[in-house]
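Colleague: Could you walk me through one part of this protein up close? I have the sequence and the model open beside me.

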Amino acid sequence: MKPGGEFHLIDHHGVEVSDATYHGRHALVFFGFTHCKVVCPRALGRLTRVLDALGPLAEQIRPLYVTVDPERDSPEVMRAFLERSYPRFTGLTGSRPQIDAAKRAFRVFARRTADPDDPDGYAVPHSAITYVLDPDGRYTTHFTDAVDEREMTERLREILS
C-alpha cells in the first residue's frame, strides 16, 4: 500500500479541508511542527528553494505542511509561522485523532517525548519525508531528507513536464 490517502484537517485560515481540496494540482506534503528546531526549518527552506528554482512550473504544486503537534499548532500559530518564513506553504492542523489518521495514511513517524530544554517540556521527533501527490491525490514519489535540492528540482521538473 502506498502512502497518502484521505484526510480531514483544518488549514491555517481555520477552514475545514480534505485531501480532495487539493486535487487539481500536484501536492508536496511534509509533516512537522512549528516548534521544531532543526529538521523542519531545514526541510521547509530547502523545499522553498526548490519551488523557487522551478519557476513557473511551481504554480502546478500546492505545498502542504501538516503538523504532528496539534496541541501547540493551532491554525493561528501555523499561519503566523508560515506567513513569516514559508509563505508558499499551507499549514494543516486538526484534532489529535485527525492528525493521527493523516500520519497513518502517510506512514509518518512522530512521537511526543520529554524534553526538559523545551519551554513546554516536550519535543516531537518525527520522520522527514516529502511526499509528492499527483493532481488526483495519488502518491507519485517521495524525497528523503538526504536528497539534495538539485536532484529534487530535476525530479519534480520531470514529473511536472
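Which residue in strand 9 is the bridge partner of Val132?

Modeller: Happy to! In strand 9, Val132 has Thr141 as its bridge partner. Before going on, please keep in mind that the model is predicted, so local features need pLDDT of at least 70 and side-chain atom pairs pLDDT 80 or more, while totals for chains, interfaces and linings use all residues. Residues are numbered from 1 along each chain as its sequence is written, and side-chain values use heavy atoms, leaving out hydrogens and water.

Now to the two strands themselves. Strand 8 and strand 9 run antiparallel and are joined by five bridges; strands are DSSP runs of E of at least two residues, helices are runs of H or I of at least four, and both are numbered from the N terminus. Pairing requires at least two DSSP bridges between two strands. The two strands make a hairpin with five residues between them, and in its turn Gly137 has a positive phi of about 85°.

On to the other partner of strand 8. Strand 3 (residues 26–32) pairs with strand 8 (residues 129–133) in the antiparallel sense over four bridges, and here Val29 stands opposite Tyr131.

Stepping back, these strands belong to an open sheet of seven with mixed pairing, in the order 2-1-5-4-3-8-9. Strand 9 (139–144) stands at one edge and strand 2 (16–18) at another; each has a single partner strand, so one side of each lacks a neighbour in the sheet. On average, neighbouring strands are turned by 35° against each other, direction ignored. Helix 1 (residues 39–54) packs on this sheet and touches strand 3, strand 4 (61–67), strand 8 and strand 9, where contact means heavy atoms within 4.5 Å. The direction of helix 1 makes about 165° with that of strand 3; axes are lines fitted to C-alpha atoms, for helices over the stretch in contact, with angles from 0 to 180 degrees between N-to-C directions.

The hairpin's Gly137 turns up again in the lining of the largest cavity, along with residues including Leu133, Asp134, Ala27 and Leu64. A cavity here is a set of points on a 1 Å grid over the protein atoms alone where a 1.4 Å probe fits but cannot get out, and lining residues have an atom within 4 Å of a point. This cavity holds about 60 Å³ of space, the volume being what is filled by probe spheres set on points joined across faces, edges and corners.

Methods:
1 Å grid on protein atoms, 1.4 Å probe; cavity = no way out; pocket = protein on both sides within 12 Å on 5 of 7 lines; lining within 4 Å.
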